[in-house]
Amino acid sequence: MEDHYYLYLCLALASLLVVIANKRRRAAAHGLRLPPGPWQLPVIGSMHHLAGQLPHRAMRDLARRYGPVMLLRIGEVPTVVLSSREAAREVMKTHDAAFASRPLSATVRVLSNGGRNILSAPYGEHWRQFRKIAITELLSARRVLSFRAVRVEEVGTMLRACAAAAAEAEAGGAGTVDMRELLTALVADYTSRAAVGDRCKDRDTFLHEVERGVELSAGFNMADLWPSSRLVGWLSGAVRRAQKSRDTVYGILDGIIKEHQEMMESGGSAGKAEDLVDVLLKIQRDGSLPIPLDMDVLKAVIFDILSAGSETSSTVLLWVMAELIRNPKAMRRATAEVRSTFAAHGAVTEHALGELRYMHLVIRETFRLHAPAPLLLPRECQETCRVLGYDVPPGANVLVNVWALARDERYWPGGDAEEFRPERFEDGGEAAGVDFKGADFEFLPFGAGRRICPGMSFGLIIVELALASLLFHFDWEAPGVADPTELDMTEVFGVTVRLKDSLLLRPIIRVPLPGL
């Protein structure tokens, strides 16, 4: 019997060597110098090298062995992983146009209506047109400023919930706040009111389906890993679940859009603050776009804003609060700065947020350690292109491991690249002047180049206002955590990387809320 096992093992190894040899011959025949990478198995490719770790962490460890441009095969999908500042610059600046498209996996194709949104649209005229609309009409500085009253009201609602918990604690109750629930509700309601003019009455259903869509579109389900097999796709059920999520969300949006149309036709929208659906319907009625704005595209764009805006901002806020709890010195300094800046006002005012220099460094350091999308959204190579001397073949997915870049000792010297230290960005610090706006390729939480996130300012302002308000009015403690440095920071992976467990904190009111 043992002889049979050895025979099977030898046959498997021989088959593997044949597969590898054939791939190398095919690459050589086409004159390509493909990037190096770990050995692959038939069918699953490189997936066994990722088992047991979160993908961005496993890819960082592999890159340390195989280099900053590395070729993996995730299932049957060829995937090039970039893990150096120089490689990221070549893809996102030098050859940006060649890598400006998005791959449409089976689930993303369903969720995006065939790539008709902004985030997932392939590079071309459709994407250029709606990217321009997003930048100039939907997410411009002027438009973001117009939502100030909405932000103030929603932050006020959040603060009153915290004050109620603080009062409960003073009365001898638990008085804790689930920060994930609190911050998710804040950002979802802010984004909903900006996008559709009101809190979404189906918010919980919407958020549930958005979360499901995020999990499905992360790219690690069978339908996306083996796209050529209809049987695998059918067995996985991922496409069916994506269709159900899309239909549920689009059904909610149908009702919202219909209400807006009826209000516009009746003249009831006169004097009403303009939301993003209003803007898109006006553009649609104008009819001057080269590519018409039909209802499917309108819903896809609104879905983009509601899902991306809600997911990333609430995730970052949760990481900020967790890091400040773990780092009491930083918490004390940030809190003191906020209170000294706004003491005379009795509340945080948005126009003075720019004065909070240290708080902005706290946010910057949080983005460094906890980029919401650690691998960004994948790009697709459109033509054979050379990156750091290696050929990236057309059709390959390209991932930039911004999580690894932001923790690389080569770019973050001092021996503490894994530590939370906002002071590194101060004048005179080793990272002074390094920012996340897309010019510093070691620090790319929002991406860079043509595909940089268009909603950066829309998301950042609610993070800044909410954080400053939480620190101004309350002290915070983690009940049951004797040593704050031992707070559990375990991650869970999706399109965004979130804190795995709930963050239960107890607020202690220090500056009363106006009107209470």
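Tyr 250 and Phe 303 are both buried, and they make a good place to start reading this predicted model. The two rings form an edge-to-face aromatic pair, one of 13 aromatic pairs that the structure holds. From there, this briefing turns to a helix crossing and to two leucines with positive phi.

**Aromatic pairs**

- The ring centres of Tyr 250 and Phe 303 are 6.0 Å apart, with 85 degrees between the planes.
- Tyr 250 belongs to helix H12 (residues 238-266) and Phe 303 to helix H14 (residues 295-326), so this pair ties together parts that are 53 residues apart in sequence.
- Phe 436 and Phe 443 also form an edge-to-face pair, at 5.9 Å centre to centre and with 80 degrees between the planes.
- Both Phe 436 and Phe 443 are buried.
- Phe 436 and Phe 443 belong to a cluster linked by ring pairs, together with Phe 367, Trp 412, Phe 425 and Phe 446.

**Where H8 meets H18**

- For two packed helices, the description rests on the angle between the axes and the distance between them.
- Helix H8 (residues 179-196) and helix H18 (residues 456-473) have axes that come within 11 Å and cross at roughly 135 degrees.
- An angle between 115 and 145 degrees falls in the oblique range, and H8 and H18 are therefore oblique to each other.
- The crossing of H8 and H18 is right-handed.
- On the H8 side, the contact is made by Met 179, Leu 183, Leu 186, Tyr 190, Thr 191 and Ala 194.
- These residues meet Phe 458, Ile 461, Ile 462, Ala 466 and Leu 470 in H18.
- Sorted by class, the contact of H8 with H18 has 10 nonpolar residues, one polar residue and no charged residues.

**Two leucines with positive phi**

- As background for this pair of loop residues, most residues other than glycine have a negative phi.
- Leu 376 has a phi near 50 degrees, a positive value in a residue other than glycine.
- Leu 376 sits in the loop between helix H16 (357-369) and strand E4 (379-380).
- With a relative accessibility of 15%, Leu 376 counts as buried, because the cut-off for buried is under 20%.
- Leu 388 is not a glycine either, yet its phi is positive at about 50 degrees.
- The loop that holds Leu 388 runs between strand E5 (385-387) and strand E6 (390-392).
- Leu 388 counts as partly exposed, at 31% relative accessibility.

Terms used
Residues numbered from 1 in each chain as written. Predicted model: local features only at pLDDT ≥ 70, side-chain atom pairs only at ≥ 80, totals over all residues. Heavy atoms only, no water. Axes fitted to C-alpha atoms, helices over the stretch in contact; angles between N-to-C directions. Helix = DSSP H or I, 4+ residues; strand = E, 2+ residues; numbered from the N terminus. Parallel < 35°, antiparallel > 145°, perpendicular 65-115°, else oblique. Left-handed = near helix turned anticlockwise from the far one by under 90°. Contact = heavy atoms within 4.5 Å. Nonpolar A, V, L, I, M, F, W, Y, C, P; charged D, E, K, R; others polar. Phe/Tyr/Trp six-rings, centres within 6.5 Å; stacked < 30°, edge-to-face > 60°. Buried < 20%, exposed > 50% of the residue type's maximum accessible area, 1.4 Å probe, protein only.
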